[in-house]
Amino acid sequence: MRILASKLHRLTRTSRQGFSLIEVVLAVSIMSVIAGVTLPVTLTVLDRAYSTATKEELQNLADASSRMFEDTRTLPLSVEDLLIDQGTPGWSGPYLPGSFSDGISGLGGYEVDGWSNSYALGVSGTALTLTSPGSDGDLGSDDDIILTMDATQILRAQTLENLAVINSAVQSYNALNLA
């Protein structure tokens, strides 16, 4: 019985001594390789998610800008114009639902892209250009995400509606007065 107890004591004592230096180095090496492989993949997946979210938000901004143009015949010069009445005749917004803040930049959530960079809005005639600086944060680089909304179709539809009303009025006048 004593022999069994002494063998058990030796086994438990040797198992309590910890890891050898080789085992620790091997474990750290394996974890480093795993981290080295997964980090670029994770960054690529996050970048795609930010890009997709930014494209969706740019489309929402373009849709809101179209609604504002239908009401006011003006295009927004900033995202704030879609949320707050700046005294524009015919404004019936807000054209974007709710309001929230970006946790990183502190700006309004509609004002920044997926990377927390501010959008740039530009108006040229009846065209509104919405630009995200992309992942590098620099406007004018290759990774910019650009969406252009042209209000010409809205003007054309409103003109056709007005012409239909005028045509109907002329036909009614002619039916009454030229009989």
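The following dialogue works through several residues of a predicted model and asks how each label was reached.

Student: Why is Phe-19 called exposed?

Tutor: Phe-19 has 72% relative accessibility, and because exposed means over 50%, the label follows. The residue sits in the loop between α1 (2–15) and α2 (21–72).

Student: What makes Phe-19, Val-24, Val-28 and Met-31 a patch?

Tutor: Patch members need over 30% relative accessible area and no salt bridge, and nonpolar side chains are joined within 5 Å. Phe-19, Val-24, Val-28 and Met-31 form such a nonpolar patch on the surface, with about 440 Å² of accessible area together.

Student: Why is Ser-65 called buried?

Tutor: The relative accessible area of Ser-65 is 0%, and since buried means under 20%, Ser-65 therefore counts as buried. This serine belongs to helix α2, and beyond its neighbours within four places in sequence it is in contact with Leu-75, Pro-76, Leu-82, Leu-128 and Met-149.

Student: How do you know that the side chain of Ser-65 has a polar partner in the backbone of Leu-61?

Tutor: A polar atom of the Ser-65 side chain lies 2.8 Å from the backbone oxygen of Leu-61, and a polar contact asks for N or O atoms within 3.5 Å, so the pair meets that distance limit.

Student: What makes Asp-113 a buried charge without a salt bridge?

Tutor: A salt bridge requires a side-chain nitrogen of Lys or Arg within 4 Å of a carboxyl oxygen of Asp or Glu, whereas for buried Asp-113 the nearest side chain of opposite charge, Lys-55, is 12 Å away; the criterion is therefore not met. Asp-113 is found in the loop between α3 (80–83) and β1 (120–124).

Student: Which polar atoms, then, does the side chain of Asp-113 approach?

Tutor: One polar atom of the Asp-113 side chain lies 3.0 Å from the backbone nitrogen of Trp-115, and a polar contact of 2.6 Å joins the side chains of Asp-113 and Ser-132. Not counting residues up to four places away in sequence, Asp-113 also touches other residues, including Thr-54, Glu-57 and Tyr-119.

Student: Why is Pro-133 called buried?

Tutor: With a relative accessible area of 3%, Pro-133 falls under the 20% limit, so it counts as buried. Pro-133 lies in the loop between β2 (127–132) and β3 (145–150), and, leaving aside neighbours within four places in sequence, its contacts include Asp-113, Asn-117, Ser-118 and Asp-144. The C-alpha atoms of Pro-133 and Ile-146, which are 13 residues apart along the chain, are separated by 8.7 Å.

Student: Why is Arg-73 called partly exposed, and what is noted about its phi?

Tutor: The relative accessibility of Arg-73 is 44%, and because buried means under 20% and exposed over 50%, this value falls in between. Its phi is near 60°, a positive value in a residue other than glycine, and Arg-73 is found in the loop between α2 and α3.

Student: Why is Ser-116 called buried?

Tutor: Ser-116 has a relative accessible area of 13%, and since the limit is under 20%, Ser-116 is therefore buried. Its place is in the loop between α3 and β1, and its phi, near 65°, is again a positive value in a residue other than glycine.

Student: Which peptide bond is cis, and where does its proline lie?

Tutor: The peptide bond from Gly-93 to Pro-94 is cis, with omega near 10°, and Pro-94 lies in the loop between α3 and β1.

Definitions and conventions
Residues are numbered from 1 along each chain as its sequence is written. This is a predicted model: local features need pLDDT of at least 70, side-chain atom pairs count only at pLDDT 80 or more; totals for chains, interfaces and linings use all residues. Side-chain values use heavy atoms; hydrogens and water are left out. Patches are made of residues with over 30% relative accessible area and no salt bridge: like charges are joined within 9 Å, nonpolar side chains (Val, Leu, Ile, Met, Phe, Trp, Tyr) within 5 Å. Accessible areas come from the Shrake-Rupley method with a 1.4 Å probe; for residues, only the protein chains shown count as cover. Helices (H or I, at least four residues) and strands (E, at least two) are DSSP runs, numbered from the N terminus. Buried means under 20% relative accessible area, exposed over 50%, partly exposed in between (1.4 Å probe, protein chains only). Lys and Arg count as positive and Asp and Glu as negative; His and the chain ends are not counted. A polar contact is a pair of N or O atoms within 3.5 Å; within protein, one must be able to donate a hydrogen and the other to accept it, and residues adjacent in sequence count only if both atoms are side-chain atoms. Contact means heavy atoms within 4.5 Å.
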